[in-house]
Amino acid sequence: MTRQEKGLWTAVIVLTLGMLVMGTVMAMHGLRQGKDEADASHDANTEEGSTVATINGEVITDKEWTEALKRRYGSELLLQMLNRKAVYAEAIERKLIVTPQEIARELAAAMDGYDSEKSYFDEMKSQLGLSKQELELEAGYRLLLEKIATIGIQIKDADIEHYWTEHREDYVSPEKYDLSIIVVKEEEEADSLLYALEKGEDFEAAARSQSTDSFSRDAGGRLGWIERNDPFQSEEILQLAAGLDIGDMAGPVQVEEGYAIIRLNDKEERQVQSAEEVREEIRMQLALSQADPLPQVEQMLRNKYEAVILSEIPAS
């Protein structure tokens with residue numbers, strides 16, 4: 001599995017985890033519903049469960065809510081619960097562990113492209129309702145499953161070195177720039193604005209009032225972190241940024257929409273992964289390419305630990 005494929009998997013699994021979290025509500029309320037139904041033998045008024053919402057004089061009961069959640073998420077959630085129990089049982093049997101460092105590296109790959117670690121976790125929380133701990137648990141599960149899938153697969157050192165030689169740039173984090181930008185239509189206007197900024201005019205205020213770049217204007221010109229080889233950014237902008245010190249402004253430079261002035265807010269130097277980390281990552285990638293597909297491994301483990309679904313799940 002390539003780093004790009006792993007990034008795509010991360011996006012998919014985050015969405016899946018969002019479904020799992022929503023489905024957990026179903027499970028919790030299903031347990032509570034079981035208690036409600038037991039109490040119903042003593043009180044007929046609780047037969048349909050407690051009221052969870054009302055609209056236009058009508059009620060939605062706990063039972064109706066639970067059944068709707070079961071129909072929508074029941075089979076997927078139950079399968080995921082069985083998968084996790086099977087994988088954890090296998091990990092215990094084989095004495096496999098996932099270290100905090102491994103989880104941290106997995107999440108760091110998922111954070112690539114975000115302004116900061118905080119912005120990544122804030123986005124996951126606001127968009128999917130997922131906490132840092134939930135994301136860490138999902139990353140740990142994925143890593144355990146990969147270790148189980150690749151047990152017994154031997155990768156030669158020569159194959160690792162050959163792959164590394166062919167994909168060396170994949171294991172290098174390029175230089176990154178935290179940029180702000182103001183775009184105006186005319187070069188003379190840009191010259192005048194740059195002079196005013198150098199004399200102390202507020203960059204954010206000028207961006208909001210004068211920039212024609214709709215993407216960054218409302219954020220005070222902030223573009224966020226951009227890699228040196230970003231294919232979606234103007235090469236002229238990237239070259240200009242490469243020569244700046246933090247806090248410096250430069251321009252105007254011609255762009256598709258007119259003329260741009262940029263400011264370098266922060267900078268991260270080019271980083272190279274350690275040889276030990278790279279070799280282990282490549283070993284796992286090559287091993288996974290030879291292993292059974294992960295869903296098939298999950299099914300094999302369910303069979304091994306005799307997973308049986310005893311309750312009928314309502315049709316979606």
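Trp-65 counts as partly exposed in this predicted model, with a relative accessibility of 31%. The residue sits in helix 2, which runs over residues 62–94. Together with Val-52 and Ile-60, Trp-65 makes a nonpolar patch of about 220 Å² on the surface. Patch members need over 30% relative accessible area, so Trp-65, at 31%, gets in.

A patch of another kind turns up further along the chain. Here Glu-186, Glu-187, Glu-188, Glu-189 and Asp-191 gather on the surface, and their charge is negative. One of them, Glu-187, belongs to helix 7, residues 187–198. Glu-187 has a relative accessible area of 37%, which makes this residue partly exposed.

Now to the inside. The largest nonpolar core is built from 36 residues. Within this core, the residues with the most contacts are Val-87, Leu-107, Tyr-120, Leu-135 and Ile-282. Several helices give two or more residues each: helix 2, helix 3 (100–111), helix 4 (117–128), helix 5 (132–149), helix 6 (157–166), helix 11 (275–290) and helix 12 (294–304). Helix 5 hands over the largest share, namely eight residues. Helix 2 thus shows up twice, as the home of Trp-65 and as a contributor to the core.

Charged pairs come next. Side chains of opposite charge can pair when their charged atoms come close. Across the whole structure, a search picks up 16 salt bridges. One of these joins the side chains of Glu-90 and Lys-304, with 2.7 Å from N to O. Because Glu-90 lies in helix 2 and Lys-304 in helix 12, the pair ties together parts that are 214 residues apart in sequence. The two ends of this bridge sit in unlike surroundings: Glu-90 is buried, at 2% relative accessibility, whereas Lys-304 is partly exposed, at 37%.

A second bridge brings together the side chains of Glu-175 and Lys-267, at 3.8 Å from N to O. This pair, too, links distant parts of the chain, with the two positions 92 residues apart in sequence. Glu-175 is placed in the loop between strand 3 (172–173) and strand 4 (176–184), while Lys-267 belongs to strand 7, residues 258–268. With 18% relative accessibility, Glu-175 falls under the 20% cut-off and so counts as buried. Lys-267, on the other hand, is partly exposed, with a relative accessible area of 23%.

Arg-228 and Glu-235 form another bridge through their side chains, at 3.3 Å from N to O. Both ends of this one are partly exposed: Arg-228 has a relative accessible area of 25%, and Glu-235 has a relative accessibility of 38%. Some bridges also share partners, and in this way Glu-90, Glu-93, Arg-94 and Lys-304 are joined into one network. The bridge between Glu-90 and Lys-304, described above, is thus part of a wider set of charged contacts.

One last residue is worth a look. Asn-229 is found in the loop between strand 5 (222–227) and helix 10 (235–242). At 52% relative accessibility, Asn-229 passes the 50% mark and therefore counts as exposed. In sequence, Asn-229 and Glu-175 are 54 residues apart, yet in space their C-alpha atoms are 8.4 Å apart. Of this pair, Asn-229 is exposed, but Glu-175 is buried.

Note on methods
Residues are numbered from 1 along each chain as its sequence is written. This is a predicted model: local features need pLDDT of at least 70, side-chain atom pairs count only at pLDDT 80 or more; totals for chains, interfaces and linings use all residues. Side-chain values use heavy atoms; hydrogens and water are left out. Patches are made of residues with over 30% relative accessible area and no salt bridge: like charges are joined within 9 Å, nonpolar side chains (Val, Leu, Ile, Met, Phe, Trp, Tyr) within 5 Å. Accessible areas come from the Shrake-Rupley method with a 1.4 Å probe; for residues, only the protein chains shown count as cover. A salt bridge is a side-chain nitrogen of Lys or Arg within 4 Å of a carboxyl oxygen of Asp or Glu. Lys and Arg count as positive and Asp and Glu as negative; His and the chain ends are not counted. The place of a charge is taken as NZ of Lys, CZ of Arg, CG of Asp or CD of Glu. Helices (H or I, at least four residues) and strands (E, at least two) are DSSP runs, numbered from the N terminus. Buried means under 20% relative accessible area, exposed over 50%, partly exposed in between (1.4 Å probe, protein chains only). A nonpolar core is a set of buried Ala, Val, Leu, Ile, Met, Phe, Trp, Tyr and Cys residues joined through side-chain atoms within 4.5 Å.
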